[in-house]
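Reader: I have a structure to look at and some questions about its helices and hollows. Can we take them one by one?

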Amino acid sequence: MNLPNKLTVFRIILIPVFIVIMVIPYTWGTVTWFGTSIAVTKIIGAIIFAVASLTDLADGKIARAKHLVTNFGKFADPLADKMLVMSAFIILVSLDKVPAWVAAIIVCRELAVTGLRLLIVENNGQVMAAAMPGKIKTTSQMIAIILLILNNVLFAALGIPMADIMLYICLFFTIYSGIDYFVQNRDVFSDGFK
């Protein structure tokens, strides 16, 4: 197994660790940063999420630069990203930090695009690589999630709801990139309209 694929597997392993840390009923105390109080468990959860997110950035860059792109990587990398992001949004709904309807749209889009990827593989054997709108979606989701976990640290003292702003930016790109993937790959459904 090459390094990019190991990073992807590592990200998948971090997901249950992230979930346990985020839902554990004990806080291990709180820390105040820039006037914002944050439970230590949430700081640890944000660090785990950030490390997992950085592996998402690193595995693709390494795979392309070293010509280590594999079908496993093209399949598992976006799947690991979706599992991480969907887990985080479901947890944030349970913490009353994200409206359930926003998380539902994000989860539905992620599942729909995963289904589309599977159809494309079945029809032509190629794994659909992420396009730029999808990459923007992923980046904005990861920034929003970290800010939401950390109670909008840095921005709360300034009165700027940056966590919420990033949440709705990521919602926009989630919808836009989902539509873009389906429009770009509409020929997959051509047999259904005969």
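Here are the questions, each with a short answer.

Reader: What is the volume of the largest pocket?
Author: Keep in mind that this is a predicted model. The largest pocket is lined by 35 residues. Its volume is about 850 Å³.

Reader: Which residues lie nearest the centre of the largest pocket?
Author: The lining of this pocket holds 14 nonpolar, nine polar and twelve charged residues. Out of the 35 lining residues, those nearest the centre are D56, G60, R64, D77 and K135.

Reader: Which helix gives the most to the lining of the largest pocket?
Author: Five helices each supply at least two lining residues: α1 (3-23), α2 (40-65), α3 (71-94), α4 (100-124) and α5 (132-149). One of them gives nine residues, the most to this lining. That helix is α2.

Reader: How far does α1 reach from its first C-alpha to its last?
Author: Start with its length: α1 has 21 residues. At 1.5 Å a residue, 30 Å is expected. The model comes close to that, with 31 Å.

Reader: Which residues of α1 are buried?
Author: Buried here means under 20% relative accessible area. An α-helix has 3.6 residues a turn, so residues three or four places apart point the same way. Look for that spacing in the list. The buried residues of α1 are P4, N5, L7, T8, R11, L14, I15, F18, I21 and M22.

Reader: What covers the buried residues of α1?
Author: Take buried residues such as L14 and F18, both on α1. The cover over the buried part of this helix includes α2, α3 and α5.

Reader: Which residues does UniProt list as "transmembrane region"?
Author: The listing comes from an unreviewed UniProt entry. In the model, the span 7-28 is 77% helix and 0% strand, and its end C-alpha atoms lie 29 Å apart. The span 34-58 is 76% helix and 16% strand, with its end C-alpha atoms 30 Å apart. The full list is 7-28, 34-58, 79-95, 142-159 and 165-183.

Reader: How many cavities of 30 Å³ or more are there?
Author: A cavity is a space where a 1.4 Å probe fits but cannot get out. The largest has a volume of about 60 Å³. The count of cavities of 30 Å³ or more is two.

Reader: Which helix gives the most to the lining of the largest cavity?
Author: This cavity is lined by F75, P78, L79, K82, T114 and R117. Two elements, α3 and α4, give two or more residues each. The one that gives the most, with four residues, is α3.

Technical notes. Residues numbered from 1 in each chain as written. Predicted model: local features only at pLDDT ≥ 70, side-chain atom pairs only at ≥ 80, totals over all residues. Heavy atoms only, no water. 1 Å grid on protein atoms, 1.4 Å probe; cavity = no way out; pocket = protein on both sides within 12 Å on 5 of 7 lines; lining within 4 Å. Points joined across faces, edges and corners; volume = space filled by probe spheres on them. Nonpolar A, V, L, I, M, F, W, Y, C, P; charged D, E, K, R; others polar. UniProt positions renumbered as here; feature names shortened; annotations may be inferred. Expected span 1.5 Å × (residues − 1). Buried < 20%, exposed > 50% of the residue type's maximum accessible area, 1.4 Å probe, protein only. Contact = heavy atoms within 4.5 Å.
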